[in-house]
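Work through the exercises below with the sequence and the model open. Each task is followed by a solution in steps.

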Amino acid sequence: FLPFLFLGFFDCFNIDTKRHRIIKGPKQAQFAYTVQQHVAAGGEKWLLVGAPYEMNGPYQTGDVYKCSLSKRTNGNGCSKLNLGRISLTNVSERKDKMRLGMTLASNPKDNSFVACGPLWSYECGSSYYSTGICSRVNASFKFSRTIAPAFQRCETYMDIVIVLDGSNSIYPWYEVQAFLINILQKFYIGPGQIQVGVVQYGEKVVHEFKLSDYKSVEEVVKRARSIHQRGGEETNTALGINMARSQAFKHGGRRGAKKVMIVITDGESHDSADLQQAIEDSERDGITRYAIAVLGYYNRRGINPEAFLNEIKYIASDPDDKHFFNVTDESALKDIVDALGERIFSLEGTSKNGTAFGLQMSQAGFSAHNVEDGILVGAVGAYDWNGAVLKETRQGKVVPPKSSYTEEFPEELKNHGAYLGYTVTSVVSARNGRLLVAGAPRFNHTGKVIIFTLKNSGNLTILHSLKGQQIGSYYGSEIASVDIDGDGITDNLLVAAPMFFNAGLEKGKVYIYRNRFVLEGALEIHNGGQNARFGSSLAPVPDLNGDGFNDLVVGAPLEDDHKGAIYVFFSQHNRILRKYKQRIAAADLAPGLQYFGRSIHGTMDMNDDGLVDLAVGSLGAAVLLWSQSVIRIYATVRFEPSKINIFVKDCQRAGKDVTCMSAIVCFNITARTAVPPTQEIGIKYNVSIVERRFNPRAVLDNPSKLQPQNLTLLPGEETCRHIYFHVMETTDYARPIVFAVQVGLQDPDSEPVLDESWPTVVRTELPFWNGCDEDDRCIPDLALQSMTDLMTPHEGWTEESQRVLEANRRRMVVDIRLENKGENAYHACLNITYTPNLSFSSLIVKDKLRNEKLCNVSAPFMKAKTQVSFRLEFEFSRTVFLDHLRVILEASSDGEERSTADNSNDIYYSLKYEADLLFTRGSNPTRYEIKSELSLEEPGVIGPPFNFTFQIQNLGYFPVKDLQLNIEIPEMTKNGNQLLQISDFHIDQVSVNRSSPEDLTRFSRLVKQKPTTFIPELELYFSTLSCLLTLKFKILEVVTSASVELASSSPMFLHEERPVRHIILEIRKEGDYRIPTWIIVGSTLGGLLLLALLSLALWKVNNLSPFSCFINKMPKALQKCK
């Protein structure tokens, strides 16, 4: 038997919307802005929930919650990780509004995750730099390390030690103390910025306070106010410098901090011999030295300070103009405070590659993506908001220079703020390995995506770029790579444009790029007149429906008036299907949900049923959606016996002998996705015999079996049922009986669900025994013969394939005999093809044995050793006129014949059409008499008009084409004298130009169905009677001739080869015998002899000379008209 499979008429979804879990949190904290499924140490499953507006103490730092899926604590099973409390050391940070939890990226390789706060800031001088920060958390939810690739030490990251001369010669001390307080108030003292220590020296060195003692300007100033002058008879400057170098910078000094020493003294050192070594040691330790010479002592005593100034210049770092100061006395110290502060702050604090200033507002961590050797982060604010992509590895940070982006992000477009790094991911290419991808949704207002490589040396190479199509669509704000077949190679790169406008609404659009980043198509939704922002989140997920291809979930958080929805797209054969398979709306889950779908994650089984589940973020709530098992119900049918033999009547039903049969229907369930082996599955089925006729050929013995039947099965278990039916007497045993089984679930709303790609209706054909050999192969042998009734050619025609169509023939008859010399011929048919000059009229099938007409020659087959005769009738077309006809007859059947040479006849004849024309003529008047009274002196006298009529009548069936009419009239004498002149020429009352040939086929009357008439009329007159008046005759005949002929190429022929018709105009001249008076008198005198002679002469003129003269002047052909 042959099975036919048909799909069911319902959609099958395997994301359960009836049973789900909602984890609620504070809306004001933007709880569930991001969600991530996570496996912690020990295999325990958690849901990570980002809350970027969460409070930590007085600050809105943001945070991450861990929500247990196995136990509940604090009502929703969630606890805050307090990542917002983690601080960087030696940094004046600002955590308020840092948006921690805005980005989450889990790493399944080591069960760690990264949470980022892209607006984390720190203080540098009077500015705050928002470089962003991320925290890596290990599998035990313990903080592991800080990731801050954009963070750079402030320009004010300095350790400053002030070396004060406190010897007796300093006076007054309060002036020095005031200077100290003033310069300290200029410094940006705090973690990550400036630390200050003070050393006072004279004969001895005293550490007034160390670098790490105080953390603010207020504390340092307060301590400075309590510093008293130590005094001393000597000024041991070298000792003070050396103690500051060797001890003050060590006590509380910070690695990487700029070392600055400010030396203030009023006299030459007493240990000048040690000064050179102290300066060399300071130089070696990288200490920048500012030296201030106070000349008060020298000025008060009138001492030349040159040697003192040279010593102070030696102490100061080079160049002197930037590091050396001198003042007249102690009170003048206040005048150099500003200059000294500016020079100290002008010290370079940038990194070696010169990128620090460009990263100051980078907001690194706006997006994050795990790669093999570290974490990739997007920095949208870098380089004047053009953005950048940074990387942090265990070996350090990777910061590509700004020049890496200039080709794709030219300097002239920097004011547009491209926001490169808005999102980052990676793809795996079969040719190039792993490539990095980053989106820049504001580039040139339309958006851009770059595909690039980034080496740990900082070398960034852009390989491809993709551009958005619509301004403001935010193309590239979400990107995702999809490995559809799970072979580790990326099949599609998805780029979302969630603000793509369509019909004036923010519908959203997701572009699909295949290998080599060629645009393949796009995903769009048609949700009526509402905003959607479809594509705000993209979540590639493992195979949901068990077809072996990974799938995709897309968020549309603005649908349904900002309630939100998600769309599930299945994949097949390395292609994402454009029509979504399931739409899950927030309104269908629970009331009060908003922005459902703004984040989605689905990579793992969260409820231990072996199926991948989804986590979806909304405003203040995370929704867990469970997948359902997908099964297939297999239904097979076999019959006993395997074929219907209608000649075997083995039982009776309703008093009639019938053929009894049974169908064995077997059911089996297989799981496409995980199903517990002990789970009982309730199915329902019903059987039917598909017969679209009033009297069915087969009927179930028990009609109740037509009703749905219930059955409970275990996965992998087969159960069979016997269905009994009988087959009635029938003549239609070519078409098989179709037995249908429809299956479904008893409770479609419960687990599991049916595989939507698998048929729910199985149709199995039960054939009839075909009466042939045991191999079920019938080998017919069809033979075809035919003949026509067309007339054979005339004698003398050489072409055997030529036939004559009589003038009145309308139809052609083809007699056919079809014979089957072999076995039964199933679905025997005769195919008839003919030329367009024929139109099919009728087909008659004749059975010579019973002398009656049959319509179903092959119902259901043409029996072996039988024959049938056909008569085909064709009508000849009057609109399509060909010089041949062809009829092709082809006999065929479902059987395989050994030879088909005699299965076809090709009837081809070239045609000759007989034309039946009636050609007549007429004249009005038929004669004309010239009166003798006409004056010979009147020139230009013309004769009366004559009307000649020629009538051509088509008495045949076919139109006559290319018929030519030739008319010859005696228009001019041989000597050029005008005789007859045409005054008018009419064809069926249509006036024409007599000088142009006339094609008779343009007159419709010749092609009508009835015998048609063609009537050309000529109106003529004698152009002058002078010639006729001068001639003497009694009767003159003027002959006009007309003939018709066909073109040599015409397929038609005439009975007469060139029929000619003549019109004879008879002209008579009245005799003039009246004698004038003077002639009578003369004749009387002349006598009878003269009269006799004159009579003889007149007789000769009237009977011989004028006629001969006229005949000689008549041309042979005067006018020809086609």
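The exercises deal with disulfides, burial of cysteines and one sheet.

The model is predicted, so local features need pLDDT of at least 70, side-chain atom pairs count only at pLDDT 80 or more, and totals for chains, interfaces and linings use all residues. Residues are numbered from 1 along each chain as its sequence is written, and side-chain values use heavy atoms, with hydrogens and water left out.

**Exercise 1.** State how many disulfides a search of the whole structure finds, and describe the link of Cys-67 and Cys-78.

Solution.
- The criterion is a pair of cysteine sulfur atoms within 2.5 Å. The search returns 5 disulfides.
- Cys-67 and Cys-78 are joined with an S to S distance of 1.9 Å.
- The angle about their S-S bond is 110°, and the link is right-handed.
- This pair links distant parts of the chain, 11 residues apart: Cys-67 lies in strand E5 (residues 63-68) and Cys-78 in strand E6 (residues 78-80). Strands (E, at least two residues) and helices (H or I, at least four) are DSSP runs, numbered from the N terminus.

**Exercise 2.** Describe the link of Cys-124 and Cys-154 in the same terms.

Solution.
- The S to S distance is 1.7 Å.
- With -90° about the S-S bond, the link is left-handed.
- Cys-124 sits in strand E10 (residues 121-124), whereas Cys-154 sits in the loop between strand E13 (143-147) and strand E14 (158-165); the two cysteines are 30 residues apart.

**Exercise 3.** Is Cys-651 buried or exposed, and what is the status of Cys-829?

Solution.
- Buried means under 20% relative accessible area, exposed over 50%, and partly exposed in between (1.4 Å probe, protein chains only).
- Cys-651 has 15%, so Cys-651 is buried. Its disulfide partner is Cys-660, at an S to S distance of 1.6 Å.
- Cys-660 counts as buried because its relative accessibility is 17%.
- Cys-829 counts as partly exposed because its value is 38%.

**Exercise 4.** Which strands stand at the edges of the open sheet that holds E34 and E39?

Solution.
- The sheet has 4 strands in the order E34-E35-E36-E39, with antiparallel pairing. Two strands pair if DSSP finds at least two bridges between them.
- Strand E34 (537-541) and strand E39 (582-585) each have a single partner strand, so they are the edges, and one side of each has no neighbour in the sheet.
- From one strand to the next, the twist averages 20°.
- E39 pairs with strand E36 (residues 565-569) over 4 bridges in the antiparallel sense. Ile-566 stands opposite Ile-584 in E39.

Key:
Axes fitted to C-alpha atoms, helices over the stretch in contact; angles between N-to-C directions.
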